[in-house]
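Trainee: I've got the model open and a pile of descriptive terms to justify. Can you walk me through where they come from?

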Number of protein chains: 2
Amino acid sequence: MDIKISIKQIAQDAQLAARKLSRISSLEKNKALLLMADELERKRNFLLAENAKDVALAQKTGRNQAMIERLTLKDATISGMAQGLREVAALPDPVGKITSMWRRPNNLLVGRMRIPLGVIGIIYESRPNVTVDASALCLKSGNAVILRGGSEAINSNLAIASILQGVLSQSTLPLKAIQVIPFTDREAVSAMLQLDEYIDLIIPRGGEELIRAVVAQSKIPVIKHYKGVCHIFVDAQADSDMAINICLNAKTQRPGVCNALETLLVHKDIASEFLPQVAEKMRSAGVVLRGCEKTRSILKNIEAASEEDWYAEYLDLILAVRVVETMDEAIAHIEKYGSLHTESIITNDYANSQRFLNEVNSSTVMVNASTRFSDGFELGLGAEIGISTTKLHAFGPMGLEELTTTKFIIYGNGQVRT
Amino acid sequence: MDIKISIKQIAQDAQLAARKLSRISSLEKNKALLLMADELERKRNFLLAENAKDVALAQKTGRNQAMIERLTLKDATISGMAQGLREVAALPDPVGKITSMWRRPNNLLVGRMRIPLGVIGIIYESRPNVTVDASALCLKSGNAVILRGGSEAINSNLAIASILQGVLSQSTLPLKAIQVIPFTDREAVSAMLQLDEYIDLIIPRGGEELIRAVVAQSKIPVIKHYKGVCHIFVDAQADSDMAINICLNAKTQRPGVCNALETLLVHKDIASEFLPQVAEKMRSAGVVLRGCEKTRSILKNIEAASEEDWYAEYLDLILAVRVVETMDEAIAHIEKYGSLHTESIITNDYANSQRFLNEVNSSTVMVNASTRFSDGFELGLGAEIGISTTKLHAFGPMGLEELTTTKFIIYGNGQVRT
């Protein structure tokens, strides 16, 4: 009960802060972001000491090594966070931008102006750098943020928040623009997700399990992607070398992320030439293949892919492979088993490249490029607050603009409606 | 149980239809819309006969006169529906539009392309013309639509759907692009609102009660506005004649709609001159005023406004009036009591006009114009599928573009990530 009241207070404070923050100029926001970068670096030892408490507890409670790595702050991580703040300061401010403006026959001048969404709740797991990244992007776009990180990072997150708030308290910006929820109980998340009166958007960042739990409970709109089952379709007219290079990059450059390749679709006309070549390179890179019957008639020593494999986001050095009769069959496969994340066609056939771009309605669709480019930075958004694989509000990687909406503004000179 | 299975079938059919429809050219969609207009006019007598059944039942069951009027189709209503279809055919198609495109340093060409949302559910009350309007806008924007009108209009809605589907069946467009739910049970709506796997967006159109019931049950995103508590702030530097003219238009031109004026805020410096003039005109137009203490010290014979009056959407010839000390007080009043719909300032002070436009974050903010212009047609969107007063996805009147999203498209020539 106490927690519920505290969380509600946090949300109400955030809403008031958001109203003030929406009126703060870019200059003032950028000044604060640059000061925050300096302060993080200046208070490096304090941060490392607080982080060490989290790491010690994680080791004592037997957390796995991967998690402890994500949790641990190093000198380089802190410099990276500071650098991130400086980069966000350098990005153009979306707030106040007039996206279009037009004159009506009655002489009304009508335009659309970008404004912040209001209050954004971020729910995430063990990486403390998310606390800085998300704070920076929300602040820059004029939104108040409520951060709920993993319980295992609580000391690190509170330390970061105290530094960021220290800067806010010495500026014209509202102190409650950045708040970290100090409770590690699950109840705190549940309470937060009921407060649709104060919080405008929830962005969960983490594994599918975390995201499903958030969606199941939330009364607030959630922007999310559950998983990335990314496909590459190697067309009959593909350049084999390019196809091998791209497939290898998409699968192995960083297999544990959502834009990594999970299923390879190969046109039957190129399969018997292409599959042995790509299979050899994949094997050398430590990738295990699982194939359809036709694939296995060409590559003798691989396991059969089951129905579940076509739906799988391995996040690992495993690749499902299927031979298709036509591009239509490839598109139908993507529609049935895909996750609307990212798909790429490798082809030199002009008509097929256009058809693939037009007909595949995933959030990112590519010709002759690695799926690994599906990322806010790589696409040129300057930042990434998350990825959406649902179509409402944002679809695909989300940058600063996706943390805003537009209002209509109208300049009149006495017009009335008749 | 039978109804649940049928509704699920309708939703699955709609999803398949949406995938086909997303690939249909504007030419083909426009051809179908024009044929639908012709067919509605050609089958006028059939429509009137089916509608007469609904009207007879409504009269027999003692429905109120306003509802029977909204329900009744006349020759002019049918011509209006046909005209609406022809106008939608003439609008530009948002689907396939490249909203922006840029080159990355690695030579990737990245763009954003508009695509349909998928399947849209419309839940509405007695007006059968919504069946035609919503079908036209969804079809044009490449979305399949599932229509759930009021039970009192079921014969009219099924008759309209049979005509529209007759056209679809003779075209390349998928037949299930337009479906009317044939069940009048409430259970049908509840079942529909659970199908987030197949339906992408719900737009409820009707009174606040209907909308709240939909939001409470829906697992699917809902775009909505509960009410329009629209404000006009008459600033100290206002032109009195212009202010009177605009206030009168905003309150009385059509008092029963969401963009009508509900609360008038008047700067103290102009109140004693302005209030008696506007009060006289309002009284002549049959408007009853309710005022704050200061208003009542100037206008002697009016009732006191209670706290509830400031929150009220009267939809009637009643106007709440408050005298404010400053523009800040007016903005604070709008923030506290407003509904984020539409607000207008009447002023000749340049700085105040700019501050009002920048600082009031309602979905439509105006200078020197009537709130009645807050409407998709009047703002130049060419259409209106609804109004949103929540900030996610759309904010304010929604046209065809708001029924789409964008995907990223990428033209590469072999790029991989390093």
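Trainee: What makes the crossing of α2(B) and α6(B) left-handed or right-handed?

Mentor: The sense of turn decides. A crossing counts as right-handed if the near helix is turned clockwise from the far one by less than a right angle, and α2(B) passes α6(B) in a right-handed crossing. Keep in mind that this is a predicted model.

Trainee: And why are α2(B) and α6(B) called roughly antiparallel?

Mentor: Look at the angle. The axes of α2 (residues 26-42) and α6 (residues 129-140) of chain B cross at roughly 165 degrees and come within 10 Å. Angles over 145 degrees count as roughly antiparallel, so α2(B) and α6(B) get that label.

Trainee: Which residues make that contact?

Mentor: B:K29, B:A32 and B:L33 come from α2(B), while B:A136, B:L139 and B:K140 come from α6(B). By class, that gives 4 nonpolar, no polar and 2 charged residues.

Trainee: Moving to chain A, what makes the sheet β5-β4-β3-β6 a parallel one?

Mentor: The pairing of its 4 strands is parallel, and the sheet is open. Take one pair: 5 bridges join β3 (residues 119-124) to β4 (residues 144-148) of chain A, and these strands run parallel. Two strands pair if there are at least two bridges between them, so β3(A) and β4(A) qualify with 5. A:I120, for instance, has A:V145 in β4(A) as its bridge partner.

Trainee: Why are β5 and β6 of chain A said to stand at the edges?

Mentor: Each has a single partner strand, so one side of each is left without a neighbour in the sheet. On average, neighbouring strands here are turned by 20 degrees against each other, direction ignored.

Trainee: What lies across β3, β4, β5 and β6 of chain A?

Mentor: Helix α6 (residues 129-140) of chain A does, running at about 165 degrees to β4(A).

Trainee: How do you know that β9(A) pairs with β10(A)?

Mentor: The cut-off is at least two bridges, and 2 bridges join β9(A) to β10 (residues 303-304) of chain A, running parallel. There, A:R290 stands opposite A:E303. With β11 (residues 318-324) of chain A, β9 (residues 288-291) has 4 bridges, parallel again, and A:G291 stands opposite A:V321.

Trainee: Now the two chains. Why is their relation called a two-fold axis?

Mentor: A rotation of 180 degrees with 0.0 Å of shift along its axis superposes chain A on chain B, at an RMSD of 0.0 Å. That is the relation of a two-fold axis. In chain A, the C-alpha nearest the axis belongs to A:H393, 1.8 Å from it.

Trainee: How do you know that the same surface serves both copies?

Mentor: Of the contact residues of chain A, 100% recur in chain B. In numbers, 54 residues of chain A are in contact with 54 of chain B.

Trainee: Which element gives the largest share of the side of chain A that touches chain B?

Mentor: That's β16(A), with 11 residues. Others giving two or more residues include β2 (109-116) and α10 (240-252) of chain A. By class, this side has 23 nonpolar, 20 polar and 11 charged residues.

Trainee: What joins β16(A) to β13 of chain B?

Mentor: 5 bridges do, with β16(A) and β13(B) (residues 364-369) running parallel. One of the bridge pairs is A:I409 with B:V365. At least two bridges are needed for a pair, so β16(A) and β13(B) count as paired across the chains.

Technical notes: Residues are numbered from 1 along each chain as its sequence is written. Chains are lettered from A and ligands numbered from 1 in the order in which they are written. This is a predicted model: local features need pLDDT of at least 70, side-chain atom pairs count only at pLDDT 80 or more; totals for chains, interfaces and linings use all residues. Two residues are in contact if their C-beta atoms, placed from the backbone, lie within 7 Å. Ala, Val, Leu, Ile, Met, Phe, Trp, Tyr, Cys and Pro count as nonpolar, Asp, Glu, Lys and Arg as charged, and the others, Gly among them, as polar. Copies are superposed by least squares on the C-alpha atoms of residues with pLDDT of at least 70 in both. Axes are lines fitted to C-alpha atoms, for helices over the stretch in contact, and angles run from 0 to 180 degrees between N-to-C directions. Angles under 35 degrees count as roughly parallel, over 145 as roughly antiparallel, 65 to 115 as roughly perpendicular and the rest as oblique.
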